[in-house]
Amino acid sequence: MPHPPLLEIYSRSFRDNFQDPCLTEYTTGKTITYGEFSKKIARLHLLFEKTGIKPGDKVALLGKNTTNWVVVFMATITYGAVIVPILNDFNPHDCAHIINHSGSVILFISDSNWESLDFSSVPDVYGAISLDTMKVVADRKNNSITDNLRKLPQRFRRRYPHGFRPDDITYEERDPENIALINYTSGTTGFSKGVMLSLRALWGNVSFGIDSRLHYKGSRALSFLPLAHAYGCAFDMLVPLAVGTHITLLGRTPTPMILMRALAEVKPSLIICVPLILEKIYKKMIVPAISSTSMRWALAIPFLDRAVFPRIRNRLIQAFGGEFEEVIVGGAPLNSEVENFLHKIHFPFTVGYGMTECGPLISYTPWRQFIPGSSGHILDGYMEARILSEREDQPGEILVRGTNEMSGYYRKSDITAATIDEDGWLHTGDMGTLGGDDGKTLFIRGRYKTMILSATGQNIYPEEIESKLNNMPYVMESLVVERNGKLIALVFPDSEATDKDGIDDSQMPQIMENIRHDLNQLIAPYEQVSAIQLVPDEFQKTPKRSIKRFLYQ
């Protein structure tokens with residue numbers, strides 16, 4: 001049965017779950033119910049109305065994941081305005097550019113971001129409100145925002161004389177093609193674009209999440225990805241709120257130690273994460289456990305490994321809280337060694353594929369049907385895909401279209417036309433193939449723009465070489481680049497491992513040369529790495545933890 005329009009999904013959910021817990025801030029332990037959440041939304045609707053904000057106006061949102069952040073986001077889209085979430089770690093210059101480029105008329109901002117933002121650099125914004133206190137911090141409208149905020153409690157009582165009740169939660173339905181969200185990307189190519197996502201695109205992601213029971217009434221979610229990014233926004237916020245999930249906002253940098261503690265306390269029903277988090281936990285927990293002589297001996301003996309694997313699996317499951325259905329990995333490629341080991345021990349994980357331009361989901365498979373090496377099945381009923389290649393068995397650019405597809409890039413019609421062709425196919429820039437029983441399972445090889453053509457005409461995908469190199473001792477992360485016709489591997493070393501083993505800087509060049517030799521034994525002749533160069537600092541990354549390759553070419 002088709003789902004109702006997006007805003008009706010939320011009005012129904014908020015009414016049906018009025019008394020249930022909605023949001024908890026992990027750092028403070030403060031919880032609000034769906035009823036209290038809806039009341040906060042209604043208060044903002046009244047403020048928008050009185051300050052002259054109209055449907056279609058842009059509302060900028062800058063700060064860490066907090067209750068007020070979620071309130072502002074949902075209040076904006078249910079009012080009919082357009083939310084412009086800005087990633088918290090963008091520098092102030094980029095933040096100002098996004099606010100100006102989007103044409104935002106009002107800004108909600110955390111106190112820490114406000115301290116670093118020059119308000120004079122956003123002259124068309126007529127007011128700013130603190131996300132920490134919900135008080136006005138700047139007012140260019142003759143103090144009308146300040147005045148309206150002061151009068152809000154009295155006006156709210158007049159609007160709802162019998163108190164705010166479930167029946168008061170109704171959101172006016174809008175044209176599904178109306179833009180609800182402009183999400184500015186921060187990609188590996190260094191070019192930021194405003195992705196316009198309509199109510200229809202958000203509805204597609206939310207409806208698929210409901211159909212797949214990724215979240216459900218009474219389930220628990222631990223939100224630790226940035227909600228300003230499409231991945232976290234859709235599956236740590238939009239889908240959970242649509243079904244009555246209790247969301248805990250971590251509100252802190254998800255280091256392995258902090259994350260493990262929070263997972264043990266919250267015990268989420270579903271875990272949404274990026275590969276880097278899973279890979280770090282694998283390195284910290286699993287690699288030491290399987291590296292001892294006795295364990296390697298046990299794993300090498302047939303049948304004995306079957307007794308060892310369940311113990312490792314259970315330990316890992318308990319580390320993630322012990323009560324989740326699966327871990328969904330997305331946002332970047334998962335290291336092949338990590339993926340193969342997790343599959344071997346039957347750890348409940350799956351890998352999906354998406355992009356901001358699809359809000360974000362394109363493919364997904366539940367973990368029990370997941371094919372290792374794939375990125376899931378193209379979403380039936382929502383998306384379709386094809387491969388732009390001369391031969392079906394060769395990788396080509398992945399093209400997608402469907403319900404989740406963006407409406408285009410804001411104020412960039414030329415780039416939109418270059419990305420979405422006349423038949424509506426969105427050119428993803430990723431290379432891959434389609435396979436599986438029905439030819440709809442996606443296998444990704446790498447980015448089109450990072451692919452290197454060898455002297456013999458072979459396609460080289462640096463991500464595949466990096467995946468193997470990152471499994472080598474003393475390698476924290478790596479980047480393979482082409483320089484003067486040769487492949488060079490840039491390596492940021494694992495200082496914790498070198499310190500533990502008493503290795504000093506003078507020994508590292510020879511160690512890296514040995515690693516290069518071992519690496520070249522694992523890859524094709526045309527992929528051979530000529531040299532490894534050590535870099536002193538961790539590679540700069542996007543908010544979803546992908547390396548900004550353009551900085552190192």
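**Exercise 1. Find the residue in E21 that stands opposite Met431, then describe the hairpin around this pair.**

Start with the pair itself: in this predicted model, Met431 faces Gly446 of E21. Next, place the pair in its strands. E20 covers residues 426-435 and E21 covers residues 441-447. The two run antiparallel, and 6 bridges hold them together. Now look at the turn: 5 residues sit between the strands of this hairpin. One residue to check there is Gly436, whose phi is positive, near 85°.

**Exercise 2. Work out the strand order of the sheet that contains E24, E25 and E26, and say which strands are at the edges.**

Step one is the order, and it simply reads E24-E25-E26. The sheet is open, has 3 strands and shows mixed pairing. Step two is the edges: strand E24 (475-483) and strand E26 (529-534) each pair on one side only, so they are the edge strands by definition. Going from one strand to the next, the twist averages 25°.

Then zoom in on one pairing. E25, residues 486-493, lies parallel to E26, with 5 bridges between them. Pick Ile488 and look across to E26: its bridge partner is Ala531. What packs on this sheet? Helix H17 (residues 508-520) does, touching E24, E25 and E26. Compare directions and you get about 145° between H17 and E26.

**Exercise 3. Describe the largest cavity: its volume, its lining and the helix that gives the most to it.**

First, the count: searching the whole structure for cavities of 30 Å³ or more turns up 1. Its volume is about 30 Å³. Second, the lining: Leu181, Leu197, Leu202, Ala230, Cys233, Ala234, Leu238 and Gly359. Third, sort these residues by class, which gives 7 nonpolar, 1 polar and no charged. Gly counts as polar here, so Gly359 is the polar one. Finally, the top contributor is helix H8 (residues 230-243), with 4 lining residues.

Stay with Gly359 for a moment. Which kind of peptide bond joins Gly359 and Pro360, cis or trans? The bond is cis, with omega about 0°. As for location, Pro360 belongs to the loop that links strand E15 (353-354) and strand E16 (361-363).

**Exercise 4. Do the same for the second largest pocket, and name the residues closest to its centre.**

Volume comes first: this pocket holds about 420 Å³ of space. There are 18 lining residues, and those closest to the centre are Lys40, Asn68, Val71, Leu131 and Met134. By class, the lining splits into 8 nonpolar, 5 polar and 5 charged residues. Now map it onto secondary structure. Strand E2 (31-33), helix H2 (34-50), helix H3 (67-79) and helix H6 (144-159) each provide at least two lining residues. H2 gives the most, with 4.

While you're at H6, look at the loop between strand E7 (136-139) and H6, where Asn142 sits. What is unusual to check in its backbone is phi: near 55°, a positive value in a residue other than glycine.

**Exercise 5. Check whether the overall dimensions agree with a compact globule.**

Begin with the inventory: 17 helices and 26 strands. With 553 residues, a compact globule would have a radius of gyration near 24 Å. The protein comes out at 25 Å, so the two agree. For the outer dimensions, the C-alpha atoms fill a box of roughly 75 × 50 × 50 Å along the principal axes.

Conventions:
Residues numbered from 1 in each chain as written. Predicted model: local features only at pLDDT ≥ 70, side-chain atom pairs only at ≥ 80, totals over all residues. Heavy atoms only, no water. 1 Å grid on protein atoms, 1.4 Å probe; cavity = no way out; pocket = protein on both sides within 12 Å on 5 of 7 lines; lining within 4 Å. Points joined across faces, edges and corners; volume = space filled by probe spheres on them. Axes fitted to C-alpha atoms, helices over the stretch in contact; angles between N-to-C directions. Contact = heavy atoms within 4.5 Å. Rg over C-alpha atoms; globule rule 2.2 N^0.38 Å.
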